[in-house]
Amino acid sequence: MSDFPKKYNPESFEWDIYKSWEEKKYFTPGESRTGDSYYIPMPPPNVTSVLHVGHSVMLTLEDIMTRYHRMKWDATLLLPGTDHAGISTQVKVEERLAKNGIDKNSLTRDEFLEECWKWNTEFWGKIQDQFRKMGTSCDWTKEKFTLDDDMNKRVIKAFNDLYDRGLIYQGEYMVNYDPVLKTVVSDQEVVHREEAGKLYHVTYFVSWSDAEVVVATTRPETMLWDVAVAVHPKDKRYKKLLKAGKKLILPIVNIEIPLIADEMCDMEFGTGAVKITPAHDANDFEVAKRHDLPLNRVVLWKDGCMTEVAGIFAGQDFLTARENIVALLNSKWNLLKIEDHSAKVGYGERTGAKIETIISKQWFVKINPIAKKVIWGYKKKEFDIVPKRYNKVFEDWIFNLRDWCISRQLQWGHRIPVWYTPEGEIIVAENIEQAQQKAGEGVALTQDTDVLDTWFSSALWPFATLGYDMWDGEQSDLFKQFYPAQVLETGHDIIFFWVIRMLLFWYEFTGETPFKTIYLHGLVKDKVGRKMSKSLWNWVDPIDMIDKYGTDALRMTLSIGNTPGNDLKFDEENVKNNMLFVNKLWNASRFVHVSTNPDSFDFAATEKKIKENYDDLMLHEKWILSKLVRLTDLVTQSMENYSFSEAGTELYTFTKNRFCDYYIEEFKLAKEVSKFGEEVILYSIHVLLRLWHPYIPFVSEEIYSKLGFEWHLIVSHWPELQLDINPEVEKAHTLFVEVIREIRKLRAENNIMPNKTIKLKIYAKNKNAEILHSCIDLLSGIVKSEETEIVDKKLTDPNLVYSIVKSGVEVYVDTSNAIDVESETTRLKEQITDTKLYISILDKKLLNESFTRNAPKDLVHAEMSKKQQALKKLQKLEEKLKSLK
């Protein structure tokens, strides 16, 4: 029999167990014994820094799914990897260089990329260690990085293929520009804040007329290159001017611009007239396109300064230019008034810099024709979303997608596979050799300096990682076995960033869904519901939690109580409490170890023996087996339905309240008289450890080995029990437990010391009496009764205190020798005095007319309820005192 330490010390075994799993290649999928395969493409975390507790939720949930299906003996693959995270990593590397006194601009592209690779190597190793510490059973032999050579090859081929299909194009469009990052960012990377500002009412005189149109704007600095003023076609204020085809004089610049009608205008905002500056506003850009107006008159450059076309304001930052332009408008009588006005202003999510909306030549993916294919698959229910309420979020995105800007002005990432001739001809190719061949020998070529948006490569993740190369017409064995992924598990906050883009690419390239189920978990917040942030000092390092409490306690905290799509409030106290629970399981298992002979245990043979001798089992043994079968069915069903919190909660309740608190105590007392007590407890702990394994893999594996069961638990079979649920036994045991509960209550109410034995009588008839007779010795042992009798009549002996268990069942405890009358009399008198004092305080308050008249009715009723409860308590105490006398 192996040694089983008294103290639960996760640090002493967790790392060794993980190394053992990895060395034995348990994470690498073998042949499926069920004919089914199960594949989860792990969302690749960024290599920007170490993982946070939000990543730990992802790792925990994905590992629970993976371990469950591995134990079902499906061919199971959890495929790990990391993302190069273009913008985030470049920012981190630039910050490190600056700290070391190195100007990023002083480095060549290759030199800077070398620094990025150093960063990647450093954090890649740290992230791998964190995966292992979390117990993540991913197949390390198939690990991928988005900039791996084979991944890069597929990204470049995908770009070429989409370009050849007419789905990638270069064009001028409105984009968000971060002046600190010096790159385009997506709409989802812009945070909008409500800010106090001004609304400037500017007069535009009508050409060759005394009439005028007042335009309200928050950005007068952009008016220097307005191309029109727009009003709503139904706005009666401007109908005559529109009908006459009047033009307006652009203030300061003094050129004519048209007055146009467009339904984009809000008649209720300002004066209802809006200046149109297509180079600096997305809505204006769309209006200008509809009316065939000039699009590229740029007056404000990427750095927030005025361009050369701004004339005397050229080179000024936008705030200075705004101040000077407003002063000039005022001097020319064009400024009617200035009002306070709040508006939403966009800022970079990473840098906090004010985002400039500009026209820029970028590379785009044409989304509409691809989105139609995804919508078709969605309507055919080719993939499900868990929880279902996120279907609406998905629909809001997929039905309203705009063309996707995929170029970024960065150096770290997949360089766009486009070359230009001196004449500006575009050559799209897979490499320079192919580009040269297309351009012709001797033609000088220059490659585009931009890189692809990080999400472009991530969109290829679920199939590129399986080695599928659609462009060569080949499918790898790995792809054939695991396509499509059964589950994509990820945070609900990246349903657009990642989930939808994977669907877009997969449906375009293969016409099929990349995954059957999209499981969305919530965000992890602090215990009061705030988003975690280092600036708020509420950020949690999962490794700190593991070092203090062990991995299993952290995994329990992140999975039990974590329902799909809902945010999780993280409280370290919960991790501590879960560690105490794991310690309880450890101690219970150790008790089984020292009380039985587990080395000779054979599960199938034991199950057969229990089934054949079922009638000879004691009530508590039949009960725990029935509850165990019920638990197994419920946990299995919950696993299949992605109800991991529900399954974990049931496991916790069964283990703590039924197995540890009742069954083990019953086993101890019945051990000498039970014929099959050892078989039942070993069978139960064996099943329980297997059910717990996906949640708490380390401690379940360690206990499993200490009990001498088959090695390893990770590859044992998920329980499929051959026993039956027995409702009659469960009902009988419920009565047994209720009787014990009432007796314990009587002992506590009458201050009977725990080590003091009692004399007990139980009133019960018929079936209830039969049940209690069958377990009278066990019952007596649990409640410490030296004499127990089942009677068929209610008793009235004054020495007996009693409690009603249920209709037809009452318990009576003889207090004549069980209670120290003197000390109990003193205790009761003290309680009576305290209760009377409490009632007098309540009376004073309730007799105070000022209180009863002015206080809220709910408060008055609450005080009256307190008095009634106190009076009942007083009556009970006085009755007890009288009975003692």
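I will talk about two pockets and one small sheet in this structure, which is a predicted model.

Let me begin with the largest pocket, which holds about 2100 Å³ of space. Its lining is made up of 45 residues, and those that lie nearest the centre are N46, T48, H52, H55 and D493. If you follow the secondary structure, at least two lining residues come from each of α2 (53–71), α3 (86–99), α12 (454–458), β22 (485–491) and α15 (495–510), and it is α3 that gives the most, with 6 residues. As for chemical character, the lining divides into 18 nonpolar, 16 polar and 11 charged residues.

The second largest pocket has a volume of about 1300 Å³. Here 41 residues form the lining, with T218, R219, D281, A343 and K344 closest to the centre. Among the elements that give two or more residues to this lining are the strands β7 (190–205), β8 (212–217) and β13 (335–348), together with the helices α7 (282–290) and α8 (318–331). This lining divides into 15 nonpolar, 13 polar and 13 charged residues.

Helix α7, which we have just met in that lining, brings me to the sheet. Four strands form this open sheet in the order β6-β5-β14-β16, with antiparallel pairing, and its edges are β6 (183–185) and β16 (404–405), each of which pairs on one side only. Between β14 (residues 356–365) and β16 the antiparallel pairing runs over 2 bridges, and in β16 it is C405 that serves as the bridge partner of F364. Helix α7 packs on this sheet, where it touches β5 (168–178) and β14, and its direction makes about 145° with that of β5.

Note on methods. Residues are numbered from 1 along each chain as its sequence is written. This is a predicted model: local features need pLDDT of at least 70, side-chain atom pairs count only at pLDDT 80 or more; totals for chains, interfaces and linings use all residues. Side-chain values use heavy atoms; hydrogens and water are left out. On a 1 Å grid over the protein atoms alone, a cavity is a set of points where a 1.4 Å probe fits but cannot get out, and a pocket is an open set with protein on both sides within 12 Å along at least five of seven lines; lining residues have an atom within 4 Å of a point. Grid points are joined across faces, edges and corners, and a volume is the space filled by probe spheres set on the points. Ala, Val, Leu, Ile, Met, Phe, Trp, Tyr, Cys and Pro count as nonpolar, Asp, Glu, Lys and Arg as charged, and the others, Gly among them, as polar. Two strands pair if DSSP finds at least two bridges between them. Contact means heavy atoms within 4.5 Å. Axes are lines fitted to C-alpha atoms, for helices over the stretch in contact, and angles run from 0 to 180 degrees between N-to-C directions.
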